[in-house]
Amino acid sequence: MKKIDISEIKNNFHKFAELNFRNSENFEYYILDKEYISKLEPFFDAVQKDILNKEIFFRNTLQENLDILERGGFFVAAFSNMELAGVISVDMAHGEKSLPTFMHLSATDILKSVIIDTVCTLPKYRGNSLQEKLMCICEYICLQKGNKYAFMSISPNNYYSVNNSFKQEYTIFAIEELYGDNQKAGLTRYILSLPLGKRLAKVKEQYSVINSNIDMQKEVIDLGFVGMKAINFTSVDKFFVSYSKAFYD
């Protein structure tokens with residue numbers, strides 16, 4: 001494992017320096033090597049066991065995680081006193097149905113795109129902004145590698161991940177059925193994107209649609225709007241997504 005110098009990221013990446021993370025001094029971050037990937041299985045078991053709605057967390061197999069490394073992706077983990085607390089995996093765009101293809105990017109830009117494949121933390125460490133920290137660290141690493149865009153998919157029922165992605169200035173630009181095949185139906189997922197290193201301009205809210213109304217959200221997206229904000233009025237199961245015109249600077 002290679003330890004990440006957080007002070008370097010704070011000094012060189014404006015987005016990380018401006019974020020007010022809680023309890024940052026309690027965690028250390030490492031880029032994981034191939035040997036450590038197999039050790040993640042108990043961690044993913046614990047995360048999956050804690051989630052009541054199993055459609056929210058679509059877990060990779062060990063081989064799928066190893067394939068991410070083979071394609072040039074990477075894993076970053078947060079540790080508290082050397083106890084594994086959170087993990088993020090970053091994959092390279094690949095295949096005919098990779099997330100960048102839904103944005104109709106050029107072949108050149110697809111090659112410069114990454115997929116935020118998995119972001120999760122153990123229940124005991126939630127509330128420490130770990131998802132946000134891990135996403136921001138990975139954004140910096142991807143910029144250093146010369147990547148241009150990041151994409152991710154999230155269940156419309158996963159309020160916390162949707163909200164955390166908005167905090168990192170991702171926007172919802174499509175809703176698709178993913179992970180299905182001839183034997184099983186796909187799962188509905190928001191598809192989000194971020195031009196790496198860019199900041200989202202503040203704009204007026206145009207539409208707010210409840211997360212369960214997928215058809216209405218698709219209609220709003222077809223009008224050229226993107227999801228930018230989660231409004232939690234009632235519960236983490238029922239929340240509104242605000243759609244506006246997005247401008248990055």
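A cavity here is a set of grid points where a 1.4 Å probe fits but cannot get out. I start with that term since the first item uses it. The model I am showing is a predicted one.

So, cavities. Searching the whole structure for cavities of 30 Å³ or more turns up one. The largest cavity has a volume of about 40 Å³. Its lining is made of Phe-44, Phe-57, Arg-59, Asn-60, Asn-65, Phe-75, Ser-89 and Thr-118. By class, that lining has three nonpolar residues, four polar and one charged.

Next, a pocket, which is open rather than closed off. The second largest pocket has a volume of about 350 Å³. It has 15 lining residues, and those closest to its centre are Leu-200, Lys-202, Val-203, Met-228 and Lys-229. Which elements each supply at least two residues of this lining? They include helix 8, residues 159-167. Strand 10, at 226-231, and strand 11, at 240-244, do so as well. Sorted by class, the lining of the second largest pocket comes to six nonpolar, six charged and three polar residues.

Now the nonpolar cores. The largest one holds 68 residues. Within this core, the residues that touch the most other members are Tyr-29, Leu-40, Val-76, Ile-137 and Tyr-243. Helix 7, which covers residues 130-144, contributes the most to the core, at nine residues. There is also a second, separate core of 15 residues, with Leu-105, Phe-151, Leu-200 and Val-226 among them. Leu-200 came up a moment ago, as one of the residues closest to the centre of the second largest pocket.

Let me take Tyr-29 on its own. What is Tyr-29 in contact with, leaving aside neighbours within four places in sequence? From the start of the chain there are Lys-2, Lys-3, Ile-4 and Ile-6. Further along, Tyr-29 meets Ala-77 and Ala-78. The remaining contacts are Leu-130, Lys-133, Leu-134 and Ile-137.

Last, a residue in a loop. Asn-26 sits between helix 2, residues 14-18, and strand 2, residues 28-31. Is Asn-26 buried, partly exposed or exposed? Its relative accessible area is 39%. Buried means under 20% and exposed means over 50%, so Asn-26 counts as partly exposed. Not counting residues up to four places away in sequence, Asn-26 touches Phe-79 and Ser-80. Asn-26 and Phe-79 are 53 residues apart in sequence, and their C-alpha atoms are 8.4 Å apart in space.

That is the end of my part.

Note on methods. Residues are numbered from 1 along each chain as its sequence is written. This is a predicted model: local features need pLDDT of at least 70, side-chain atom pairs count only at pLDDT 80 or more; totals for chains, interfaces and linings use all residues. Side-chain values use heavy atoms; hydrogens and water are left out. On a 1 Å grid over the protein atoms alone, a cavity is a set of points where a 1.4 Å probe fits but cannot get out, and a pocket is an open set with protein on both sides within 12 Å along at least five of seven lines; lining residues have an atom within 4 Å of a point. Grid points are joined across faces, edges and corners, and a volume is the space filled by probe spheres set on the points. Helices (H or I, at least four residues) and strands (E, at least two) are DSSP runs, numbered from the N terminus. Ala, Val, Leu, Ile, Met, Phe, Trp, Tyr, Cys and Pro count as nonpolar, Asp, Glu, Lys and Arg as charged, and the others, Gly among them, as polar. A nonpolar core is a set of buried Ala, Val, Leu, Ile, Met, Phe, Trp, Tyr and Cys residues joined through side-chain atoms within 4.5 Å. Buried means under 20% relative accessible area, exposed over 50%, partly exposed in between (1.4 Å probe, protein chains only). Contact means heavy atoms within 4.5 Å.
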